Each structure stands twice: as structure tokens, then as C-alpha cells.
Amino acid sequence: MFSLFSLLLVAITAGCGSDRKEGSGQSETFRASAACIECHAVNKISPVTGGTIVTEWQRSAHNTQNGAACTACHINNGHPQGGSIIKAVPDTQCQTCHTVVRLGTPHFSNFTTSLAAQYISQTDAPEVQCRQCHNPHDTTTLLQYNRDWADSGHGSTKYVPGDANASSVNSHYPWTTASRDVCSKCHTTSGYKKVSSGAASVLTTTNTTTNTSTTTVTPNAPLMSNNKKNETIMCSACHINYSWTRRVIGAQTLEYTYDSDLVPGGGSDPFAGPAPATVDGLTAAAAVVLPNIGDSNLCVVCHSGRGNFQSVRSSRFEGHHAPTGADLYADLTHVGFEFDGRVYTKPAFFAHPNIGLTTGAGPCVSCHMKSTKSHTFEVVTKNTSGTITAINSQAVCNGCHSDMTPATLNQEALGYRQAGKLLTDYLDNIVPNKPNYTGAAILRATTPQINALHVNTYGAVQNSLLVTEDPGGYTHNRFYLKRLLFDSIDWLDNHVFDGTITIDAAVYPNAAAWFNAAAGTGIATRP
């Protein structure tokens, strides 16, 4: 009997066809799983990933760090001797080992009114919450992607009570309340999935007569409005499951409109006089529709703004936050304030919107996710002083640019930011020896002040906000942003669009270089 038992023990611990014996380097959990592996080494295929389950498990810390044997999750009740075994293990089983103490509260569905965001979506049932971001068999191989994502804006749960600006965008405001319902489209995974899947749509229309807007959610309003806890923009927003296949959502219709014969007007001041009234021709406003850009469709759902220069006047940027896709496709969105009579047609050589179309990745994914740190979504690497030291997607740039180096891109960034400062300084009337045309700071903090501004001065205010709302605008659509900033400065210096501005290179050297101002005179002409 003893001899027979010994032979059986050797057989079940050999596992997976290997000649390794107990004590030869196998983990304890491998030895504990050997009986399962003996039968299921090659015949159990994951219905999600298509990979061999045993191979996936062997790569994970469940094996290599003695984390969990097969029977730790698949509870065995007499299998295979006529008994049963739990096959479809719910994710609630994970909490046996992965407790709140070990992982922290963001990993658990504590749906309270606390503003601190969590890694759980309200729309996920408890039995499938963990697998939204983790392969239950191989929890380890892609763990760095999870960590990179958690460090990104999409995954940040940072919350500073009483300080919205110091909190992450996910914890900034109570996104699940009725007053913030439309915001949940981009500030929660639940709202994002509703809109991006087509289960709901958002559209804002503007009444040019009353200068008011109406936002409508159809057909399944509201998106959230349940006063539960904030959510990060988690893996399931972009991926269908833990095969990490990206969701296919098609070309995006944005939530605002463009009217080809609408010219905003209104406002006045003692120097420029009264502005022309708003003119609206017979062409009806239509929702902005972007082209199909493959995987990058997922990005422009939220990164294409919430309005444009035809939207209701506001002291905030009409395009809202991070309107990178709107800048990229400005010929369709008109997200910046485009002054009447000025031309903003994109140059024939501008090819950034076409990046990645042949591969199906599209421009956003091609530039932001083609590095070993793809889920940080960072295109460049910077040192502690903010200087660009590497272009993470250098190979993509090299496809068109033979001279694109970190130093070149850094100079572009410096010029863009200083051009924005020059514009803001004109608005604040603090440009040395160059007062703006009013001779005083442009008051723009309140709604009455905004509504009173001459339409072109209001446009300059709007464009001054673009630099902070899209810090990478100099790469997304360099010529469009440069023309907007130039025209804004051109108006403010003498309330005439004369096509030239003068920049003191001693005070604004990077802006002068960016606008290609002449040495000595500092005169720059419209790009």
C-alpha cells in the first residue's frame, strides 16, 4: 500500500509533462495544483483570452510567489472521483486573500457619497468586478500596465477634501449627482460606456438670440444621478474584457454643433466701438461628426471638447477641458475662437489627423500609446524641471519628420507656452511698454463682464485659455493654435487685424522665436 501511494504522489506532483520532481524548484502552489495540471495542462482554454489556462496561471504570482493553487479558487468537492468542482469562480472569491487592508478601499465597491474615486464601476456586478482589470488566471504579467494606468489621470483616485483643484479629475466634483449628470459621460466609466456604446447621446444646442444653451441626454436620461461614489476611467471603458481587445465604437458625433453661416457678435467698448450683431444665415446648425479614426475613436468621445466659438459666452473655455481631439480636427470642430474674416484653413501638408489610420490605431493611440509605458498615455518624458528629454513615440514622428528631436519639441513647447503668456499679459495690460488698445486690464471674471466685451476681445479671452486647456496644442495642431494666438494679440495691440504684431525678444524670447519675429524689430507676420 505504501509503495502504491508513493508512486501516485510522484505522478500527481510531476504535472504538466515535466520531469521536475518535488523540491526541484517548483513552487508550493504548483505542487498543490499538480493533480489538476496533470489532466488540464493543455485542454483547458480560456474562453476570454484564447490562451491555455495552466500556462497563464504559471506566469502569475499565484504560482511563482505561492499565491494561490487551483483549489484555492476552484473549490473541489470530490472531483474527479464523481464529485464536483466550482468552475465559474466569482470575483468575490478574490477577496479571501485580496482584502481592503492589503489593497486599499479604491479596489472595493464601497458606493458612498465620498468624492474619492474608486476602481470599480457601478455597472459591474460583484462577481465580475476584479476581472474588469485583471486576468484571474494571469494576474501578474500585465500588472505594470495597471500601475501605469493608476498613475495616469484616467486612474487617479487622489482626493483632497475641500480642495477640488488639488483632487484628481475623477474626484474633483460629485459626478454622480443630478446636477453633474452630463459630466458623468467623461468623469465616470459608467457614464462613458453608456454614451460611447450608443445607449445614450448628449447634445448641446445654443440659442443665439438669448445667448443660452440647452443640453439634452437621450434616450436613456439620466446617465447617472444616483449620488453614489465617483469612478475612475477604468479598463472596461476601452476594453471589452481581459483579453484587452479594444471596444469598437465607430466614428463619433460630438455633443455640440457648428453653423457654417453663424458669425458671433455683440459687445462694445469706447475704443473699438460697438461690435456687429450676431449674424445667422439660413444654414441650420448641425452636430459635429468626426471621421472614423479606429481605436482612437475611444479617445475623442471625451477629448473633443464640449463647445466651440459659437457656444454661449463664458468666463471658462467654451471647449471645456483637454480638447485635444477638437484641436486636431479643428476644421470640423472650430473649437478655438475664429475671428470673422480671418482664415483658419489647415495647411495642405498637415497630416496629424491621418496618423495611424492604415493600422487602425488612429492618431491618439499611435502617439500616446506606442511606448513601453503606454498606459501612462505620455507622449514625452520630462525631467524634474519639466524639460522634454525623450519622445516616447519617436518612431511615429520619424515617419514624417527627419529633424524631430526632444530639443526641437521642447523649443516648440516653450514658444507655445510663452505665446500664451504674452496674450494673457496683453489682457492684463502688463506687457512692458506695450499697453493693450484699452490701456487697462480686460475685466473678464464675471458673466456681466464677459457679456459686455467686444466680440473680438471676448475671442482673445477665449483663445488665451487654450494654452492651459490643451498644453500639447503645439503638436496637436500647431498652425491652428498659432493663428488663433497671433490674431488675438493682433486685435489687442490696436483693435485692428493688420497682420503684424511686435514682440520684445528680450522679454518674450521663446514667443518671438515661435512666431518667427524679425531680429531687431521684433515684428512678426501672421503664420
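# Exercises on a predicted model

β3 and β4 form a hairpin in which four residues lie between the two strands, and Asn 211 in the turn has a positive phi of about 55°. The structure is a predicted model.

**Exercise 1.** Determine how strands β3 and β4 are oriented and how many bridges join them.

*Solution.*
1. Locate the strands: β3 covers residues 201-207 and β4 covers residues 212-218.
2. Establish the direction: the two strands run antiparallel, and seven bridges join them.
3. Identify the pair at the turn: Asn 207 stands opposite Thr 212 in β4.

**Exercise 2.** Characterise the largest cavity by its volume, its lining residues and the classes of those residues.

*Solution.*
1. Search the whole structure: one cavity of 30 Å³ or more is found.
2. State the volume: the largest cavity has about 60 Å³.
3. List the lining: Leu 328, Ala 330, Asp 331, Tyr 344, Thr 345, Lys 346, Pro 347, Phe 350, Asn 477, Phe 479, Tyr 480 and Arg 483.
4. Sort by class: seven of the lining residues are nonpolar, two are polar and three are charged.
5. Assign to helices: α13 (330-333) and α21 (478-494) each supply at least two lining residues. The greatest contribution comes from α21, with three residues.

**Exercise 3.** Test whether the end-to-end distance of α21 agrees with its number of residues, and describe its burial.

*Solution.*
1. Compute the expectation: at 1.5 Å a residue, the 17 residues of α21 should span 24 Å. The expected span takes 1.5 Å times one less than the number of residues.
2. Compare with the model: the end C-alpha atoms of α21 are 25 Å apart, which agrees with the expected span.
3. Assess burial: α21 is mostly covered, since 14 of its 17 residues are buried, that is, under 20% relative accessible area.
4. Inspect what comes next: His 495 follows α21 and has a positive phi, near 50°.

**Exercise 4.** Decide how many residues of helix α18 are buried and which elements they pack against.

*Solution.*
1. Count: α18 spans residues 455-464, and ten of its ten residues are buried.
2. Name examples: the buried residues include Val 455, Tyr 458, Val 461 and Ser 464.
3. Trace the packing: the buried residues of α18 pack against β7 (268-269), α16 (406-428), α17 (447-452), α19 (466-469) and α21.
4. Set this beside the whole chain: of its 527 residues, 43% count as buried.

**Exercise 5.** Summarise the chain by its helices and strands and by its extent.

*Solution.*
1. Count the elements: there are 22 helices and 14 strands.
2. Give the extent: along the principal axes, the C-alpha atoms fill a box of roughly 105 × 50 × 40 Å.

Terms used:
Residues numbered from 1 in each chain as written. Predicted model: local features only at pLDDT ≥ 70, side-chain atom pairs only at ≥ 80, totals over all residues. Heavy atoms only, no water. Pairing = 2+ DSSP bridges. 1 Å grid on protein atoms, 1.4 Å probe; cavity = no way out; pocket = protein on both sides within 12 Å on 5 of 7 lines; lining within 4 Å. Points joined across faces, edges and corners; volume = space filled by probe spheres on them. Nonpolar A, V, L, I, M, F, W, Y, C, P; charged D, E, K, R; others polar. Buried < 20%, exposed > 50% of the residue type's maximum accessible area, 1.4 Å probe, protein only. Contact = heavy atoms within 4.5 Å.
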